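Biologist: I'm new to reading protein structures. Could you walk me through this one, feature by feature?

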Amino acid sequence: MEKAKLLIVDDERRMCIVLKTAFENSNYLVTTANSGESALAAMSVETFDVIISDVKMPGINGLELLQKTMEKCPETRVLLMTAYADTQTAVDAMKNGAYDYIIKPFNIDELRHKVANILENRSLRKENQELKQKLKNQFSVGQLVGKSKAMRHVYQLVDKVAQTDASVIIRGESGTGKELIAQAIHEMSPRKDEPFLPVNCSALPENLLESELFGYEKGAFTGADKLKPGLFEAAGGGTIFLDEIGEISLSTQVKLLRVLQSKEVVHLGGSQTLPVHARMIAATNRNWKRLLKTVPFVRIFIIVLMFFLYFYRPCGTKNRTFRTWLLIFWCCRGKTQTTLIQRRWTF
């Protein structure tokens with residue numbers, strides 16, 4: 001078991017020596033400081049579990065040290081040593097963050113007991129936080145919350161998808177949380193530290209959408225007075241989320257297909273190809289069966305589609321039915337084959 005680290009601060013050297021010996025004999029790692037200034041210097045080098053400090057000291061006193069400790073090391077517990085006449089000061093200090101206090105003169109065993117209680121409480125709080133986080137991770141992903149069988153399956157799917165570089169399309173009615181699914185996939189992926197850039201395809205005219213996605217060169221069109229990188233560049237190694245992908249025009253689909261196939265993008269009005277490292281996640285509220293019959297649409301998503309999540313009813317509907325469609329596309333001898341697995345739950 002790792003030894004607890006104590007910092008003892010007192011301008012009386014004899015007190016520091018006595019306490020250091022007592023706690024080292026009780027299997028603690030002890031550092032001493034004879035002033036508030038030297039205590040802050042020690043805290044800048046290492047982190048302590050508990051600080052035992054006298055209240056009255058020249059220079060930075062115990063109350064000032066408490067304040068600076070709360071600012072720099074909020075996880076460190078502070079125990080103040082005070083004379084009987086300063087008891088009210090110590091009580092006020094506890095209201096401002098001190099964990100406990102002890103009145104001089106005191107019994108060493110009493111001080112040991114207080115320190116042991118501080119460390120035990122700290123350990124319990126840490127275990128409690130870890131348990132809460134474990135439960136949160138078990139019953140939620142990103143901003144998604146739920147513990148039903150259906151939602152647990154969603155978490156499993158999101159986790160599996162997130163660990164791949166596959167492009168994703170999410171189908172669901174308005175209000176089913178398609179963007180939340182996309183964000184969860186991004187946050188659980190190795191790309192989580194890179195940008196997540198959402199784009200509402202239905203809200204932008206064709207020309208504006210293309211300039212946002214692919215970028216443009218200076219003079220590419222009227223008003224293009226400077227070079228502008230597109231979102232595929234801005235995303236870096238992150239994720240681009242194209243919402244309402246079913247609303248984009250045929251010409252934009254063709255250009256998007258070229259980007260997805262070659263992993264390269266060309267600015268509008270430019271000729272130089274630039275590498276694309278971003279992952280694409282798309283979403284639509286349109287009927288997937290009709291989309292599959294639409295040849296231009298399928299030409300794009302037969303390549304990019306790996307997982308297809310379908311929420312049957314909008315969020316908030318009682319006793320709603322949840323369906324997950326997993327469509328896996330692969331190419332074999334020049335022919336595209338499709339496998340469809342359907343699972344259905346009610347919750």
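**Strands, helices and a cavity**

Modeller: Sure, and let's begin with one pair of residues: Val9 has Ser53 in β3 as its bridge partner. Keep in mind that this is a predicted model.

Biologist: What holds strands side by side in a sheet?

Modeller: In general, strands of a sheet pair through backbone hydrogen bonds, and the pairing is either parallel or antiparallel. Here, β1 (residues 5-9) and β3 (residues 50-54) pair in the parallel sense, over four bridges. Besides the pair we began with, Ile8 stands opposite Ile52 in β3.

Biologist: And what does β3 do on its other pairing, with β4?

Modeller: β3 and β4 also pair in the parallel sense, over five bridges. Look at Ile52 again: its bridge partner in β4 is Leu79.

Biologist: In what order do the strands of this sheet lie?

Modeller: Five strands make an open sheet, and the order is β2-β1-β3-β4-β5, with parallel pairing. The edge strands are β2 (29-33) and β5 (100-104), each of which pairs on one side only. From one strand to the next, the twist averages 20°.

Biologist: Which strands does helix α1 touch?

Modeller: Helix α1 (residues 13-24) packs on the sheet and touches β1, β2, β3, β4 (77-83) and β5. The direction of α1 makes about 175° with that of β2. Then there's helix α3 (residues 62-72), which lies across β1, β3 and β4 and runs at about 155° to β3.

Biologist: How do I work out which way the side chains of a strand point?

Modeller: The general idea is that in a regular strand the side chains alternate between the two faces of the sheet. Try that on β3: Val50, Ile52 and Asp54 are on one side, while Ile51 and Ser53 are on the other.

Biologist: Are those β3 residues buried or exposed?

Modeller: Buried, on both faces. "Buried" here means under 20% relative accessible area. By that cut-off, five of the five residues in β3 are buried.

Biologist: Can I practise on another strand?

Modeller: Go for β12 (residues 239-243), where five of five residues are buried. Thr239, Phe241 and Asp243 point one way, and Ile240 and Leu242 point the other way.

Biologist: Which strands pair with β12?

Modeller: One is β9 (residues 196-200), which runs parallel to β12 and is joined to it by five bridges. Within that pairing, Pro198 has Phe241 in β12 as its bridge partner. Another is β15, also parallel to β12, with four bridges between them. There, Leu242 stands opposite Ala282 in β15.

Biologist: What about burial in a helix? How many residues of α7 are buried?

Modeller: Helix α7 (residues 178-187) is mostly covered, with seven of its 10 residues buried. Those are Lys178, Ile181, Ala182, Gln183, Ala184, Ile185 and His186.

Biologist: How many cavities does the structure have?

Modeller: Searching the whole structure turns up two cavities of 30 Å³ or more. Let's take the second largest, with a volume of about 40 Å³.

Biologist: Which residues line the second largest cavity?

Modeller: Its lining is made of Ser167, Phe232, Val259, Leu260, Lys263, Val276, Ala278, Arg279 and Met280. The elements that give two or more residues to this lining are α10 (250-262) and β15 (279-284).

Biologist: What kinds of residue are in that lining?

Modeller: Sort the lining residues and you get six nonpolar, one polar and two charged.

Note on methods
Residues numbered from 1 in each chain as written. Predicted model: local features only at pLDDT ≥ 70, side-chain atom pairs only at ≥ 80, totals over all residues. Heavy atoms only, no water. Pairing = 2+ DSSP bridges. Axes fitted to C-alpha atoms, helices over the stretch in contact; angles between N-to-C directions. Contact = heavy atoms within 4.5 Å. 1 Å grid on protein atoms, 1.4 Å probe; cavity = no way out; pocket = protein on both sides within 12 Å on 5 of 7 lines; lining within 4 Å. Points joined across faces, edges and corners; volume = space filled by probe spheres on them. Nonpolar A, V, L, I, M, F, W, Y, C, P; charged D, E, K, R; others polar. Buried < 20%, exposed > 50% of the residue type's maximum accessible area, 1.4 Å probe, protein only.
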